[in-house]
Amino acid sequence: MSGYVLEMEGISKAFPGVQALDNVELKVRPGTVHALMGENGAGKSTLMKILIGLYQEDEGTIKLDGQLVKIPNTSAGLALGVSMIHQELSPVPERNVAENIYLGREITGKFGLVSQRTMRQAAQELFDRWGIQINPRSKMKELSIAQTQMVEIAKAISYDSRIIIMDEPTSAITEVEVEHLFRIIRALRTEGTSIIYITHKMDEVFQIADDVTVYRDGKWVATKPASELDHDKLITLMVGRELTNLFPKLEAEIGEVVLEVKGLNRGDVVKDVSFNVRRGEILGFAGLMGAGRTEVLETVFGVEKADSGEIIVEGKPVRVASPDDAIAAGMGLLTEDRKLTGIMPILSVRDNMVMAAAPKYSPSGFLDFAQINKDCAEQVKALSIKTPSLKQAIGNLSGGNQQKVLISRWLLTSPEILMIDEPTRGIDVGAKSEIHKLMSQLAQQGKAIIMVSSEMPEVLGMSDRIVVMHEGKVSGIVDRADATQEVIMQLATGMETGEAK
Ligand SMILES: Nc1ncnc2c1ncn2[C@@H]1O[C@H](COP(=O)(O)OP(=O)(O)OP(=O)(O)O)[C@@H](O)[C@H]1O
Ligand SMILES: [Mg+2]
């Protein structure tokens, strides 16, 4: 016996215009957590989609417990004991939680009819066993992104697979939920299940992984026990060079107030929120998941209607009843969840990129495609977006590269006020520092930037001032010089610090 539960060897896979995988391997030991690392577009998700039978390899072999297997489709994958939590969630919004978990394998009762009751009970048992507090009767569309993610996790576990693949499972959940997930992972590991864990977060790797495999540009680079690696060694393996400054915040001149928000209220999610942001400034929004940060951005941008409050742009009150009003007032919003509100998967990279700026390119009523192609090509270059061409459907890009296209979408509108919700979620270390640099440069050009981020180093590293929210309210606004992790966490958890303004 080889001692591996999984051996993938010599795997190659090409898509039109891209060699996604070139002769790569992956060997996973039973009862271990095996992290897959690598830059955006390295081929991690593609390799996993081959393992579950969603894609077919062009070349290579797969062995489970030493036996050669073919995995022609996803039902074969599941039957062989391989399940996956996908990077891009795809719940059926109109169905309830239990139905989503048992989608395609509905539990039937008498006369072969689908038994809602049995499915709900099974879902409840699953949730009880793993300590998940979600009502199996809730419709998926009523859940937050974090809850949706927990349902996906429960679903993957429910197959009792010998290998569970988690593709960036923590990109949409808070620290408390990450801890919960890690407890689940450790329990699964003790039972002998192997977890293949994809993430861009270094600290997670060192907390949870036993082994690490690194890929770069579709090629296998190394497999090592996590104990032999540290932060710097891992980055060097991933990017093939050393990255020194992760957060190159540049000095920008802070000018006059561009946007002022006064007494904003919406339902019980946004309560009496006031803040302003100045030219050249990066204003960070910190807080726990559900604190109301995203809701503030959505309300300011007109996605949701405010119950009361004032929005003042460059000294003039503006009425923002829809995103069009907000765009006309010089705002841009990059949403936190690219699958649900961001990308149009079947449209091309170019069409996705130019979507918000289209009016600018049609002064005479006709779209100026020459200019559009030129500007889009420039964005691809500036943000190092990995795509075979501007015509590629964006749905075919890796997760991180989709995010970069969305950032370009707003850069093309040249907004004066750019709001970015979780700018580097799912983005690799190299691209992360590029995006941070870009944000700094935009601030230097006199733009006002509002950034919601759940990553403490990002908040502390990038922000000039930090608005901390707790249960819909602003619990404090902290200057860069006074900002520490402790101060932010205290405000975020609603503890009094005495410094809150
Ligand atoms: N269905 C597809 N059609 C065409 N190209 C694809 C398809 N799926 C993936 N690719 C390409 O294959 C390459 C590898 O993508 P993959 O999604 O595996 O990367 P990844 O390592 O998961 O990256 P990320 O960290 O950004 O999620 C990328 O260049 C991507 O654009
Ligand atoms: Mg991926």
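**Burial, ligand shell and domains in a predicted model**

User: With its C-beta neighbours inside 10 Å, what does Asn23 count as?

Analyst: In this predicted model, Asn23 has 14 C-beta neighbours inside 10 Å. A residue is buried at 20 or more and exposed at 12 or fewer. Asn23 therefore counts as partly exposed.

User: In which element does Asn23 lie, and what is its phi near?

Analyst: Asn23 lies in strand 2. Its phi is positive although the residue is not glycine, with a value near 55 degrees.

User: Does Glu422 count as buried or exposed?

Analyst: Glu422 lies in the loop between strand 17 (417–421) and helix 15 (429–444). Its phi is near 50 degrees, a positive value in a residue other than glycine. There are 23 C-beta neighbours inside 10 Å of Glu422, and the limit is 20 or more, so Glu422 counts as buried.

User: Which residues does Ile420 touch, not counting those up to four places away in sequence?

Analyst: Ile420 lies in strand 17. It counts as buried because it has 24 C-beta neighbours inside 10 Å. Ile449 is 29 residues away in sequence, with 7.6 Å between the C-alpha atoms of the pair. Leaving out residues up to four places away, Ile420 touches Leu334, Ile449 and Met451.

User: Which residues is Pro225 in contact with, beyond its neighbours within four places in sequence?

Analyst: Pro225 is placed in strand 10 (residues 219–225). It has 11 C-beta neighbours inside 10 Å, so it counts as exposed. Its C-alpha atom is separated by 9.9 Å from that of Ala35, 190 residues apart along the chain. Outside the excluded neighbours, Pro225 is in contact with Asp210 and Asp211.

User: Between which domains does ligand 1 lie?

Analyst: Among the 20 residues around ligand 1, those that come nearest are Phe15, Asn40, Ser45, Ser398 and Gly400. At least two shell residues come from each of strand 2 (18–28), helix 1 (44–51) and helix 14 (399–411). Because two domains both give residues to this shell, ligand 1 lies between domain 1 (6–91 + 143–239) and domain 3 (347–414).

User: How do the residues of the shell around ligand 1 divide into nonpolar, polar and charged?

Analyst: The shell around ligand 1 has 20 residues. They divide into five nonpolar, twelve polar and three charged.

User: How far apart are the end C-alpha atoms of helix 14?

Analyst: All 13 of the 13 residues of helix 14 are buried, so the helix is largely enclosed by the rest of the structure. At 1.5 Å a residue, its 13 residues should span 18 Å. The end C-alpha atoms agree with this, being apart by 19 Å.

User: How many residues does the contact between domain 1 and domain 3 take from each?

Analyst: The protein is divided into domain 1 (6–91 + 143–239), domain 2 (257–330 + 415–501) and domain 3 (347–414). The centres of domain 1 and domain 3, taken over C-alpha atoms, are separated by 30 Å. On the side of domain 1 that touches domain 3, residues divide into three nonpolar, five polar and two charged. The contact takes ten residues from domain 1 and eight residues from domain 3.

User: Where in the protein is confidence lowest?

Analyst: The average pLDDT of the protein is 90, and 96% of the residues score at least 70. Confidence is highest in strand 4 (residues 59–64), at 98. It is lowest, at a mean of 57, in helix 11 (residues 338–342).

Definitions and conventions: Residues numbered from 1 in each chain as written. Chains lettered and ligands numbered in written order. Predicted model: local features only at pLDDT ≥ 70, side-chain atom pairs only at ≥ 80, totals over all residues. Near = placed C-beta within 6 Å. Helix = DSSP H or I, 4+ residues; strand = E, 2+ residues; numbered from the N terminus. Nonpolar A, V, L, I, M, F, W, Y, C, P; charged D, E, K, R; others polar. Domains from an automatic or database assignment. Expected span 1.5 Å × (residues − 1). pLDDT = per-residue confidence, 0-100. Contact = placed C-beta atoms within 7 Å.
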